[in-house]
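Thanks for sending this one over. Here are my notes, point by point, to read with the model open beside you.

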Amino acid sequence: MPKVLVSDSVDRAGIEILSQVAQVDEKTGLPLSDLISIIPEYDALMIRSGTQVTKEVIEAGAQLKIIGRAGVGVDNVDVAAATRQGIVVVNSPEGNTIAAAEHALAMMMSLSRYVPDANHSVKSGDWNRKAFIGAEIYKKTLGLIGLGKIGSHVANVAKAMGMKLIAYDPYISNERAEQIGCRLVELDVLIQEADYITLHIPRTEETANLINAEALAKMKPTARIINCARGGLIDEAALAEAVKEGRIAGAALDVFGNEPLEEDSPLRDGGKNLILTPHLGASTAEAQVNVAVDVAEQIRDVLLGLPARSAVNIPGLYPDALAKLRPYLELAETLGNMVGQLAGGRVESLTISLQGDLANQDSKPITIAALKGLLTPALRERVNYVNANIEAKERGIRIIEMRDASVRDYTDSLHLEAKGSRGQHTVTGALLGDGELRITNVDEFPVNVPPIQHMLFTRHRDMPGIIGRIGSLLGSFNVNIASMQVGRKIVRGDAVMVLSLDDPLPEGILEEILKVSGIRDAYTVTM
Ligand SMILES: NC(=O)c1ccc[n+]([C@@H]2O[C@H](COP(=O)([O-])OP(=O)(O)OC[C@H]3O[C@@H](n4cnc5c(N)ncnc54)[C@H](O)[C@@H]3O)[C@@H](O)[C@H]2O)c1
Ligand SMILES: O=C(O)CC[C@@H](O)C(=O)O
């Protein structure tokens with residue numbers, strides 16, 4: 001009988017499902033070293049946010065077939081290490097949507113009417129009605145940062161309560177926002193116009209510290225901000241100061257940069273205008289049953305040799321088909337991610353061309369993998385092989401599939417073309433004999449580079465000195481170049497440069513690159 005380790009507390013409904021097919025051991029609060037020493041015995045691991053599934057845990061889990069996260073965020077799992085080892089990582093992308101949305105709404109109402117402090121005051125023997133004069137939310141403007149599943153539900157409820165809605169989400173179409181009754185605006189406008197700001201975005205390189213001291217300074221003095229999404233989106237020290245000094249009216253946080261929140265965090269001294277909860281967004285009886293059942297069913301299915309429905313890293317295919325397709329899926333996902341970033345946020349269409357021998361393969365999983373890659377910068381772990389198609393359709397992305405067996409530059413290659421806010425861009429990639437990925441063409445210019453985490457692409461005029469100038473500029477910002485490739489069709493004509501970098505590009509450098517004579521465009525791509 002297979003063995004499942006449940007290392008965080010999950011609802012009994014999940015344990016009962018697992019017990020039908022496996023021996024289930026519940027061992028919560030294990031130190032990392034203990035987890036590493038016992039994990040080799042297990043076929044599956046079920047967690048919430050309390051267990052850190054590091055590379056070491058995954059490498060020790062020689063028998064592991066699946067890691068199930070009873071919740072959305074897989075930030076506590078090294079997904080790349082799991083994928084390399086062929087371990088399926090599954091989550092429950094929707095099981096706690098309503099719970100998290102309702103918590104954000106509860107925070108908004110509590111902030112407006114000082115519910116926590118008023119409650120505390122009565123319980124301490126006081127009857128002070130003057131200290132708690134609140135504000136109405138009716139006819140106030142709610143600014144939603146992120147209009148995905150949770151943001152949309154918050155918007156619908158807030159609309160019914162008479163609020164005006166504005167939203168900032170660079171990956172959502174105007175049509176979708178209109179359906180929800182929201183006006184899409186730029187971030188700066190939202191920050192300056194909203195009476196309430198609520199965040200419903202993942203934490204990514206792009207969103208880390210999105211609400212910093214500068215943004216807080218632009219908010220209305222009567223405005224209140226709520227974060228029930230992820231820690232690290234708001235500068236906590238700057239927020240504590242802004243609330244303390246009355247530069248904004250209040251803040252409510254459920255999530256923090258470090259959890260549990262540090263004892264000496266300045267947020268703890270925020271008074272009645274700062275409400276803190278210990279990451280309770282998903283903590284409803286209903287959500288806990290939903291996520292436990294959703295994930296336990298997937299673990300059961302994978303242990304029985306069936307596909308998982310919400311795999312974050314590997315699509316829901318039968319194991320044999322999956323083993324054959326996996327390298328192409330990785331290629332498609334990488335190219336999708338890359339072409340989406342080159343095309344800019346709001347992608348209108350994606351054309352996927354299967355070339356050479358690949359033209360004879362089942363295109364569906366490859367298209368889904370490309371869409372998953374395309375949507376990953378926006379949705380992170382919320383996009384998976386199951387929902388990528390639906391998410392793309394909801395965003396109004398037109399998908400075109402093509403096959404051309406006659407293209408024979410490589411045995412098989414994949415060509416993606418995306419049209420977005422920065423125009424039309426293309427990327428082609430292939431698998432080398434050893435299974436290594438190669439980008440073989442960018443914007444129809446031939447190159448030969450392996451994809452890596454930090455990359456810089458330029459469009460420029462092929463002319464003497466340009467490569468040296470870009471190299472020196474990166475050097476002056478202390479950015480190390482791992483490799484560099486130039487692709488051109490004719491000498492001294494149009495060209496592309498692809499630089500693989502050891503370090504992320506610091507702020508401001510793109511503007512400097514664009515000033516270099518001969519450079520027409522420059523884009524960063526982070527994988
Ligand atoms: N507090 C909790 O317990 C709890 C519970 C569930 C979910 N969450 C978190 O809530 C967040 C939102 O979840 P969801 O289910 O709505 O996710 P979702 O994927 O459905 O929506 C996220 C939205 O953010 C948008 N987005 C991405 N990058 C952006 C950017 N730079 N600027 C503006 N918008 C951007 C995306 O386009 C998308 O529409 C996630 O971080 C999730 O982990 C927290
Ligand atoms: O309560 C939890 O397990 C975390 C909930 C939430 O942040 C999630 O990512 O699903």
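1. Let me begin at ligand 1, where a backbone N or O atom of Cys 228 lies 3.0 Å from a nitrogen atom of the ligand. Please keep in mind throughout that this is a predicted model.

2. Two side chains also reach ligand 1 through polar atoms. An N or O atom in the side chain of Arg 230 is 3.3 Å from an oxygen atom of ligand 1, and an N or O atom in the side chain of His 279 is 3.2 Å from an oxygen atom of this ligand. Taken alone, ligand 1 exposes 870 Å², of which the protein buries 98%.

3. What surrounds ligand 1? The shell holds 29 residues, and the closest are Lys 149, Ile 150, Asp 169, Ala 378 and Arg 382. By class, the shell comprises 15 nonpolar, 7 polar and 7 charged residues. Helix H7 (149–160) and helix H14 (363–379) each contribute at least two residues to this shell.

4. Now to ligand 2, where you will meet some familiar names: Arg 230 and His 279 are among the residues around it, along with others including Ser 49, Gly 71, Val 72, Asn 96 and Ala 282. This shell divides into 2 nonpolar, 5 polar and 3 charged residues.

5. The polar contacts of ligand 2 deserve a look on screen. A polar side-chain atom of His 279 lies 2.7 Å from an oxygen atom of ligand 2. For Arg 48, a side-chain N or O atom is 2.9 Å from an oxygen atom of the ligand, and for Arg 69 the corresponding distance is 3.2 Å. On its own ligand 2 exposes 300 Å², and the protein buries 92% of that.

6. Away from the ligands, I would turn to the aromatic rings. The count comes to 1 aromatic pair. The ring centres of Tyr 114 and Phe 132 are 6.4 Å apart and the planes make an angle of 45°, so the pair is tilted. Tyr 114 belongs to the loop between helix H5 (97–113) and helix H6 (115–123), while Phe 132 belongs to the loop between H6 and strand E6 (141–145), so the pair ties together parts that are 18 residues apart in sequence.

7. Is Tyr 114 buried or exposed? Tyr 114 is buried, with a relative accessible area of 8%. Its ring has a charged partner too: the charged end of Lys 272 sits over the ring of Tyr 114, 4.6 Å from the ring centre.

8. One last arrangement of this kind involves Lys 3, whose charged end sits over the ring of Tyr 42 at 5.0 Å from its centre.

Conventions
Residues numbered from 1 in each chain as written. Chains lettered and ligands numbered in written order. Predicted model: local features only at pLDDT ≥ 70, side-chain atom pairs only at ≥ 80, totals over all residues. Heavy atoms only, no water. Phe/Tyr/Trp six-rings, centres within 6.5 Å; stacked < 30°, edge-to-face > 60°. Helix = DSSP H or I, 4+ residues; strand = E, 2+ residues; numbered from the N terminus. Buried < 20%, exposed > 50% of the residue type's maximum accessible area, 1.4 Å probe, protein only. Lys NZ or Arg CZ within 6 Å of the ring centre and 35° of its normal. Near = heavy atom within 4 Å. Polar contact = N/O pair within 3.5 Å; in protein donor to acceptor, adjacent residues only side chain to side chain. Areas by Shrake-Rupley, 256 points an atom, 1.4 Å probe, with all protein chains shown as cover. Nonpolar A, V, L, I, M, F, W, Y, C, P; charged D, E, K, R; others polar.
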